[in-house]
Amino acid sequence: MTKKNVKVTLVRSPIGTPESHRATVRGLGLRRLNSSRVLVDTPEVRGMIRKVSYLITVSEA
């Protein structure tokens, strides 16, 4: 069985957002605008994505 992956891309700046949201963006491995990461689709990652959904886009990887 292969694990599913999701591609997460930072499309809005986290400047001016709550500190916990900035920490979540960093926790997802996103550093600068338009940076992307391919992550394993786990409940923990899904929760982080949901928290900062207004800053990122998500696609299948």
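Start with the charges: select Lys and Arg as positive, Asp and Glu as negative, leaving His and the chain ends uncounted. Place each charge at NZ of Lys, CZ of Arg, CG of Asp or CD of Glu. The chain has 12 positive and 4 negative charges, and their mean positions are 6 Å apart.

A note on the model before going on. This is a predicted model, in which local features need pLDDT of at least 70, side-chain atom pairs count only at pLDDT 80 or more, and totals for chains, interfaces and linings use all residues. Residues are numbered from 1 along each chain as its sequence is written, and side-chain values use heavy atoms, with hydrogens and water left out.

**Whole chain**

Switch to cartoon. You should find two helices and three strands. Helices (H or I, at least four residues) and strands (E, at least two) are DSSP runs, numbered from the N terminus. Trace the chain along its sequence and the order is β-α-β-α-β. The radius of gyration is 11 Å, close to the 10 Å that the globule rule gives for 61 residues, so the chain is as compact as a globular protein of that length. That radius is taken over C-alpha atoms, and the rule is 2.2 Å times the number of residues to the power 0.38.

Show the C-alpha trace alone. Along its principal axes it spans about 40 × 20 × 15 Å.

Now turn on the surface. The chain exposes about 4,300 Å², with carbon and sulfur atoms supplying 53% of it. Areas come from the Shrake-Rupley method with a 1.4 Å probe; for residues, only the protein chains shown count as cover. Of the 61 residues, 30% count as buried. Buried means under 20% relative accessible area, exposed over 50%, and partly exposed in between.

Draw the contacts next (heavy atoms within 4.5 Å). Among those with a separation of 6 or more, 74% join residues 24 or more positions apart.

**The core**

Select V6, V8, L10, V25, L28, L30, L39, V45, I49, V52, L55 and I56: these 12 residues form the largest nonpolar core. Such a core is a set of buried Ala, Val, Leu, Ile, Met, Phe, Trp, Tyr and Cys residues joined through side-chain atoms within 4.5 Å. Colour β1 (5-10) and α2 (43-51); each supplies at least two residues of this core. Strand β1 gives the most, with three.

Centre on L39. Not counting residues up to four places away in sequence, L39 touches K4, N5, V6, V8, L28 and V45.

**Two threonines**

Pick T9, in strand β1. T9 counts as buried, at 15% relative accessibility. Leaving aside neighbours within four places in sequence, T9 contacts L30, N34, S35, S36, L55, I56 and T57.

Move to T24, in helix α1. T24 is buried at 8% relative accessibility. Beyond four places in sequence, T24 touches M48, K51 and V52. Set a distance from T24 to S59: C-alpha to C-alpha it reads 18 Å, across 35 residues of sequence.

**Two loops**

Go to N34, in the loop between α1 (19-27) and β2 (36-40). Check its phi: the value is near 65°, positive in a residue other than glycine. N34 counts as exposed, at 56% relative accessibility.

Finish at P18, in the loop between β1 and α1. P18 is partly exposed, with a relative accessible area of 44%. Draw a line to S36: the C-alpha atoms are separated by 21 Å, and the two residues are 18 apart along the chain.

How values were computed: Buried means under 20% relative accessible area, exposed over 50%, partly exposed in between (1.4 Å probe, protein chains only).
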